[in-house]
Structures are given as C-alpha cells and as structure tokens.
Amino acid sequence: METTATVSSGLRRDILIDTGEKGDRAATVSIGSISDQDWYISRTHGVYHIPACVKGQPFALLMITARGDALDLGDNRRFPFTITARQIAEDLLQDLHDHGIFICAGARPSSEELATSTLRRDAYYQRLITEGDTMWARGHSFREISDLHRRAAIGLGVEREWAYVPMRMGDCPACGEKVKIGVAVCKHCSAILDEEKAAKHGLGAGAAAARVKRLGGEGTENFERKNRA
C-alpha cells in the first residue's frame with residue numbers, strides 16, 4: 001500500500017512526499033556484466049562496484065539490495081525513505097548498457113541475456129571504431145582518439161594504427177637492456193631467457209645438443225646400412 005507524508009514548510013505550502021515503494025519490490029536484483037572494465041559508481045546511499053568480467057569467465061555479477069536514503073528539506077531537516085533494489089540498479093545502469101552491463105531477470109544471467117548484451121556491446125564498439133577511423137583520417141592525431149575508442153578496437157580484436165598499445169618490456173638479466181616480456185632470446189646479447197621456448201624453436205645450447213644427438217644417430221644408421229650392403 002502506498003503512503004504519503006506531509007512536511008510543514010512554514011509560510012510556504014506543505015510538501016507532499018510519496019514514501020511508497022515503486023516498481024519491483026524484490027529484495028535483491030542482479031546486475032550482470034561482460035565488460036572487461038571495473039566500474040565504480042557513487043551515490044548518496046553508497047558506492048557501488050560493478051566488477052570486470054575476468055578473462056575466461058562468461059560474466060561478472062553484482063547483487064543489489066534495497067537501501068535507505070534521506071531527502072534534505074533544509075533547516076537541518078531530513079526525510080528518510082527507502083530505495084528498492086531495482087530502482088538502484090536502473091539508476092546505476094543509465095549509461096552502461098552499451099558496455100555489456102544489464103539487469104538480470106533472475107538471480108543469474110541467462111544465455112539469451114548474455115547473447116543480447118554481447119550483440120549490443122559489439123554494435124556499440126563497432127560504432128566507436130568507425131568514429132575513430134573518421135577522426136584518424138582527418139589528421140592522424142592520437143589526441144583525438146579516446147581510451148574508449150581504443151578499448152573498442154582491442155575488445156573486438158580489430159587492428160588499427162590509432163589503437164596501438166605499447167608492449168610491456170622487461171630487463172634482460174644478462175645485459176640489462178629492455179626486451180619484450182616472454183621472449184626466448186635477448187636480441188642484444190643473445191642470452192637464453194627461456195630455455196624450453198628456445199629449444200622448441202631451434203635456439204640455444206639445448207637445441208644444439210639435440211641436433212648433434214640427432215645427427216649422430218643418423219650417422220650411425222648410415223654406417224650400419226653401408227656395412228650391410
């Protein structure tokens with residue numbers, strides 16, 4: 001049942017405040033996310049963290065419950081009221097639907113909801129990529145390209161000059177020069193940084209020993225074959 005409260009405002013006419021809950025009164029509402037970004041949203045009734053979807057996982061989840069807030073009436077007067085879980089969720093997601101964030105019909109997102117959200121996010125990313133291409137064509141200026149444009153290109157796996165992401169570098173333990181993370185051999189001093197990977201690609205002492213052993217075996221076989229002949 002909806003109720004209203006009357007608050008006196010002195011010489012001004014009374015203010016009627018509707019304190020009844022609106023819409024879905026479910027105790028909790030689930031927010032699903034396929035975004036690879038963390039989102040922090042601040043409201044007067046709390047700070048909400050929508051977690052990033054971890055790589056390899058289908059979605060991330062945030063449970064929302066009803067919260068209390070208060071309306072500032074002035075003259076040190078505050079009027080408390082309750083905000084439903086769905087009201088909070090709808091407020092948080094005002095500008096986030098295109099990023100792959102949505103309110104679940106149930107406690108967890110369904111396969112249909114995930115598919116719909118993915119299509120919407122990918123369409124939005126494609127629009128951003130087209131926009132980035134247009135801005136880049138005007139003057140090849142990185143200043144015009146935002147992080148959002150780059151995130152869209154990376155998210156869809158689209159290669160663009162304007163979406164270049166610097167590769168992580170590390171120090172070679174032998175010579176101290178900068179090298180790419182995960183390389184097998186240092187390009188500066190030829191030190192073996194990953195023996196297993198180097199051997200796999202025919203590099204390093206391990207690979208050389210394997211070649212000698214293989215050639216030695218082949219030589220023995222040839223010698224025996226000649227003797228039999």
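Analyst: A residue counts as buried when its relative accessible area is under 20%. Keep in mind that this is a predicted model.

User: Why is His45 called buried?

Analyst: His45 has a relative accessibility of 13%. The cut-off is under 20%, so His45 counts as buried.

User: Where does His45 lie, and what is it in contact with?

Analyst: His45 lies in the loop between strand E4 (39–43) and strand E5 (46–50). Beyond its neighbours within four places in sequence, His45 contacts Arg67, Gly68, Asp69, Ile83 and Ile88.

User: What makes Ala66 partly exposed, rather than buried or exposed?

Analyst: The relative accessible area of Ala66 is 39%. Buried needs under 20%, and exposed needs over 50%. Ala66 falls in between, so the label is partly exposed. Ala66 sits in the loop between strand E6 (60–65) and strand E7 (67–74).

User: Which residues does Ala66 touch, and how do you know they count as contacts?

Analyst: Leaving out residues up to four places away in sequence, Ala66 touches Ala27, Thr82, Ile83, Thr84, Ala85 and Ile88. Contact means heavy atoms within 4.5 Å, so each of these pairs meets that limit. As for Gln87, the C-alpha atoms of Ala66 and Gln87 are 8.5 Å apart, with their positions 21 residues apart in sequence.

User: What is notable about the phi of Asp75?

Analyst: Asp75 is not a glycine, but its phi is positive, about 55 degrees. Most residues other than glycine have a negative phi. Asp75 is placed in the loop between E7 and strand E8 (77–83).

User: Is Asp75 buried or exposed, and why?

Analyst: Asp75 has a relative accessible area of 69%. Exposed means over 50%, so Asp75 is exposed.

User: What about Ser190: which sign does its phi have, and where is the residue found?

Analyst: Ser190 also has a positive phi, about 65 degrees, although it is not a glycine. Ser190 is found in the loop between strand E11 (178–180) and helix H4 (195–200). At 52% relative accessibility, Ser190 counts as exposed, because the cut-off is over 50%.

User: Why does Ser111 count as exposed or buried?

Analyst: Ser111 has 53% relative accessibility. Exposed is over 50%, so Ser111 counts as exposed. Ser111 belongs to helix H2. Ser111 and Pro58 are 53 residues apart in sequence, and their C-alpha atoms are 9.6 Å apart in space.

User: How do the axes of helix H2 and helix H3 cross, and why does H2 count as parallel or oblique to H3?

Analyst: The axes of helix H2 (residues 111–139) and helix H3 (residues 147–155) come within 8 Å and cross at roughly 120 degrees. That makes H2 oblique to H3. Roughly perpendicular runs from 65 to 115 degrees, and roughly antiparallel is over 145, so an angle of roughly 120 fits neither. The crossing of H2 past H3 is left-handed.

User: Which residues make the contact, and what is its make-up by class?

Analyst: On H2, the contact uses Tyr124, Tyr125, Leu128, Ile129, Glu131, Gly132 and Met135. On H3, it uses Leu148, His149, Arg151, Ala152, Ala153 and Gly155. By class, the contact of H2 with H3 has 8 nonpolar, 3 polar and 2 charged residues.

User: How many helices and strands does the protein have, and what share of the residues is buried?

Analyst: The protein has 5 helices and 11 strands. Of its 229 residues, 29% count as buried.

Note on methods. Residues are numbered from 1 along each chain as its sequence is written. This is a predicted model: local features need pLDDT of at least 70, side-chain atom pairs count only at pLDDT 80 or more; totals for chains, interfaces and linings use all residues. Side-chain values use heavy atoms; hydrogens and water are left out. Axes are lines fitted to C-alpha atoms, for helices over the stretch in contact, and angles run from 0 to 180 degrees between N-to-C directions. Helices (H or I, at least four residues) and strands (E, at least two) are DSSP runs, numbered from the N terminus. Angles under 35 degrees count as roughly parallel, over 145 as roughly antiparallel, 65 to 115 as roughly perpendicular and the rest as oblique. A crossing is left-handed if the near helix is turned anticlockwise from the far one by less than a right angle, and right-handed if clockwise. Ala, Val, Leu, Ile, Met, Phe, Trp, Tyr, Cys and Pro count as nonpolar, Asp, Glu, Lys and Arg as charged, and the others, Gly among them, as polar. Buried means under 20% relative accessible area, exposed over 50%, partly exposed in between (1.4 Å probe, protein chains only).
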